[in-house]
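Hi,

Here is the structure I promised to pass on. Have a look at it first, and then read on for what turned up.

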Amino acid sequence: MSAVQAKAEQADALAVTVSKPESGILVITLNQPERRNPLSRAMMAALAQAISQAVADPHTRAIVLAANGPVFSAGHDLKELNARRADADGGKAFFASLITECAALMQTIVMSPKPVIAAVHATATAAGCQLVASCDLAVAADTAQFCTPGVNIGLFCSTPMVALSRNVPRKRAMEMLLLGEMLPAKEAADYGLVNRVVPKDQVLSEALSMARLVASKPAATVAIGKMAFYDQIEQPLGQAYAMAVEVMVGNMMAADSVEGIGAFLAKRPPVWNKT
């Protein structure tokens, strides 16, 4: 292996860092600031692995997704994409594989039984904006901006559109997709893309505060509720209610529900199941 290859592999291994600042909370940080934290194949693989490991860890209750550097994420690595234009098929197979992997990553976040909270300290564009939209909650710096600028370079943000259109009203989503303009954090909050806007130096602490509150809830109940939310939101009203009735009855039979309701009626603090 050449020195260049070894350096590249080391960089890929450090594409994300993982830390546990306190009990029940895992922070995954995008860690390629010099490249604007692109969602390259290596970055997405590292991120997917970190999330999967967090889901498998019984001690993790909430996940915070943060980033290092001047940009939260600039989206796909256009240099990586363009380099494959030299392939025999013009890059088509690689593009299909990469975009499919990206779609799978976003669905991994949505389907994680443990809530994922984005701590957006700076600009998030294209697939970076998609990443924020795919998280369950998001805190943004008051100086952060969001954008789906693909239309400006002849590549409509079609896959970011999926996450975006499930977070903001249609007209707002189309405005972002068709105009490709930067959206300030305050407007992103008004649109529903982020939950809270705070000073830049408070973004991580605010995300951790939200994660701490989530982590204090019964894990099984949170998992049931999160899965039910995403299941029902894609269904017609009648089917959504039928599914929600079944989920709620099952939840009523769960140990945490027995404990929680019993504690409420007895006017004492609940003691949640640790698993």
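Thr 60 sits in the loop between H2 and S3 (helices, H or I, of at least four residues and strands, E, of at least two are DSSP runs numbered from the N terminus). This is a predicted model, in which local features need pLDDT of at least 70 and side-chain atom pairs count only at pLDDT 80 or more, while totals for chains, interfaces and linings use all residues. Residues are numbered from 1 along each chain as its sequence is written, and side-chain values use heavy atoms, with hydrogens and water left out.

Back to the loop: Thr 60 counts as buried because its relative accessibility is 3% (buried is under 20% relative accessible area, exposed over 50%, partly exposed in between, with a 1.4 Å probe and protein chains only). Its side chain makes a polar contact with the side chain of Asp 57 at 2.9 Å (a pair of N or O atoms within 3.5 Å; within protein, one must be able to donate a hydrogen and the other to accept it, and residues adjacent in sequence count only if both atoms are side-chain atoms).

Next comes S3, residues 62–67: all six of its six residues are buried, so the strand is largely enclosed by the rest of the structure. Ala 62, Val 64 and Ala 66 point one way, and Ile 63, Leu 65 and Ala 67 the other.

As for neighbours, S3 runs parallel to S2 (residues 25–30), joined by six bridges, with Leu 26 partnering Ile 63. Three bridges join S3 to S5 (residues 116–120), also parallel, and there Leu 65 partners Ala 118 (strands pair if DSSP finds at least two bridges between them).

Cheers
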